Amino acid sequence: MTDTKLRGADIVARTLERAGATTIFTLSGNHIMSLFDAALETRLDLVHVRQEAAAVHMADAWGRLTGTPGIAWVTGGPGHANAVPALYTALCQDSPVLLLSGCHATWETGRGGFQELDQASLAAPVAKASWTATSLATLSQDIARALRLAASGRPGPVHVSLPSDILDAEIAESHITWATSGDVAPEPVTLADAAADAALGVLAAAQRPLLIAGPQLATRPGRALLARLEAELNLPTCIMESPRGLNDATWGALAELVARADLIVLLGKKLDFTVKFGAAMDAECRFLVLDPEAETLARAQREVGQWIAFAAVTDVHPAGEALLARAANIGSPDWLAEARHYLHGRPANWPEMRSQTPNKLHAIEVCRALKPFVDADPDTVLICDGGEYAQWAQSLIRAPRRMTNGVAGAIGASLPFAIASRTIERQAPVFAVLGDGTFGFHMAEFETAIRRNLPFVAIVGTDARWNAEHNIQVRDYGAQRAHGCDLLPARYDLVVTALGGHGELVEYAEDLAPAITRALASGKPACINVMIESHAAPTVRRAMLDA
Ligand SMILES: Cc1ncc(C[n+]2csc(CCOP(=O)(O)OP(=O)(O)O)c2C)c(N)n1
Ligand SMILES: [Mg+2]
């Protein structure tokens with residue numbers, strides 16, 4: 001019997017395939033052409049993109065939608081450098097991602113090798129872990145360890161650099177120690193019964209508890225868990241996944257609700273700027289902290305130590321399940337109803353709001369037209385990017401599979417997110433809501449979507465302005481000093497038509513729903529370019545709700 005020889009690249013591709021990977025988001029380059037070659041012997045599907053950050057954003061969306069690590073392959077040096085910034089968005093969103101970057105050969109290190117760069121150090125601040133593979137024999141284990149880390153505890157991105165000589169070198173198959181499924185699977189940390197009972201005791205003693213969940217619960221299973229906690233424990237919940245923190249448009253009058261709470265439950269949620277490091281809470285408010293990382297608990301201890309009623313290291317899903325299993329008859333339905341009014345109520349005059357400008361819509365009219373399409377199918381994927389315009393969609397349209405740009409606050413990921421979503425969801429609509437400035441970041445990925453027949457509908461709000469920053473100028477320096485934030489009212493719809501997709505220009509509210517219908521029916525990646533008035537993001541205050 002012959003002992004087949006395999007390259008390092010074959011070991012990487014086969015380990016990924018054996019771990020259940022099906023789709024790789026990638027951009028080619030010298031250092032990873034061996035991986036492209038190895039993929040031919042597997043069922044791995046390579047989605048070849050137009051800029052490396054897009055590949056990482058796609059892997060991020062994959063992680064959020066499937067709960068398993070999304071995988072990106074990029075080349076060394078500049079390819080890796082382009083990919084790294086996108087890890088920040090995944091890191092802040094607790095999204096499991098594996099970035100594999102080819103790199104200069106081991107023997108070139110320190111000698112000025114082609115595209116030589118200390119890649120592991122570059123990625124380290126934006127990854128849970130980051131290292132360079134050092135041997136062919138342990139390569140399968142390296143990949144398994146990275147996959148496991150990415151999905152364990154607080155999920156997040158992991159990076160491994162793969163030297164090109166290790167990818168090219170051959171080894172007899174009998175000498176390879178293949179990773180097993182046990183090496184890949186995350187090991188859950190559960191909440192012990194006694195700890196769950198202690199947490200429930202704290203909850204039962206509270207009059208006005210509020211649970212703030214971390215972004216890892218902004219998934220379909222996460223939202224379902226939170227809905228059960230609300231229903232069974234009368235415990236109001238919200239997910240903090242916005243750089244706008246307590247002013248997140250999703251959660252209405254959250255800032256005022258937080259100030260009223262007498263207990264804040266942080267479930268996988270770091271005490272950070274989004275909750276004003278604890279200063280947004282009432283002086284007597286207590287905290288219950290359940291988190292996968294001891295470091296998060298330690299930070300909460302430093303910030304609000306004397307007010308912590310109970311804290312435990314636990315994964316968030318098992319923690320939620322333990323509370324549900326052991327709770328009996330706690331909480332107040334009246335408080336839940338009141339809190340929901342703060343979170344989900346919207347001003348009474350909003351249904352009447354309309355554009356005041358001919359040939360332009362108000363963002364609220366865009367949401368009014370889009371919402372029925374989202375509501376029609378629970379599998380719909382709705383992606384809301386940053387900027388002022390997209391906050392209206394965050395405020396007005398819910399969906400079990402809704403993604404935002406997340407706490408990182410980086411704009412531009414929504415087009416890659418939409419494309420990756422279509423590799424997972426084959427039937428239901430995929431919508432991306434984004435501003436015109438944001439559209440420019442990954443416009444070229446429409447070519448990827450068209451080439452790979454991955455249809456989705458982008459609903460671009462064109463106000464010919466980086467409006468979020470324009471608003472900051474007006475607020476902080478005065479209207480007279482607002483400058484440099486203008487854009488052209490460009491025909492982004494024609495860009496997409498030219499690439500072979502479907503384009504629509506919409507200037508009147510009544511034209512939008514028919515345009516969405518045509519875009520979906522086209523079966524093509526589509527851009528609906530909506531001319532909009534320039535409005536700030538919506539703000540909701542408690543007093544506005546009953547007015
Ligand atoms: C990567 C990144 N660069 C810059 C910013 C700062 N920023 C936030 S919103 C915004 C303007 C977005 O403009 P647009 O997409 O047109 O939306 P609008 O605010 O006009 O509705 C900018 C520049 C950011 N958040 N992320
Ligand atoms: Mg704009």
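This report covers the nonpolar cores and internal cavities of a predicted model.

Local features need pLDDT of at least 70, side-chain atom pairs count only at pLDDT 80 or more, and totals for chains, interfaces and linings use all residues. Residues are numbered from 1 along each chain as its sequence is written, and side-chain values use heavy atoms, without hydrogens or water.

**Cores.** A nonpolar core joins buried Ala, Val, Leu, Ile, Met, Phe, Trp, Tyr and Cys residues through side-chain atoms within 4.5 Å. Buried means under 20% relative accessible area (1.4 Å probe, protein chains only). The largest core holds 92 residues, and I212, I264 and L370 touch the most other members. Helix α15 (residues 363-375) gives the most to this core: eight residues. Helices are DSSP runs of H or I, at least four residues, numbered from the N terminus.

I212 touches I264. Its other contacts (heavy atoms within 4.5 Å) include C238, M240, V258 and K269, not counting residues up to four places away in sequence. A second, separate core has 46 residues, among them L27, L99, L415 and I419.

**Cavities.** A cavity is a set of points on a 1 Å grid where a 1.4 Å probe fits but cannot get out; lining residues have an atom within 4 Å of a point. Volume is the space filled by probe spheres set on the points. The whole structure has three cavities of 30 Å³ or more.

| Cavity | Volume | Lining by class |
|---|---|---|
| Largest | about 60 Å³ | three nonpolar, four polar, two charged residues |
| Second largest | about 40 Å³ | six nonpolar, two polar, no charged residues |

Pro counts as nonpolar and Gly as polar; Asp, Glu, Lys and Arg are charged. D248 and R541 are among the residues lining the largest cavity. The second largest is lined by residues including L203, P209, N234 and I330.

Conventions. Chains lettered and ligands numbered in written order. Buried < 20%, exposed > 50% of the residue type's maximum accessible area, 1.4 Å probe, protein only. Helix = DSSP H or I, 4+ residues; strand = E, 2+ residues; numbered from the N terminus. 1 Å grid on protein atoms, 1.4 Å probe; cavity = no way out; pocket = protein on both sides within 12 Å on 5 of 7 lines; lining within 4 Å.
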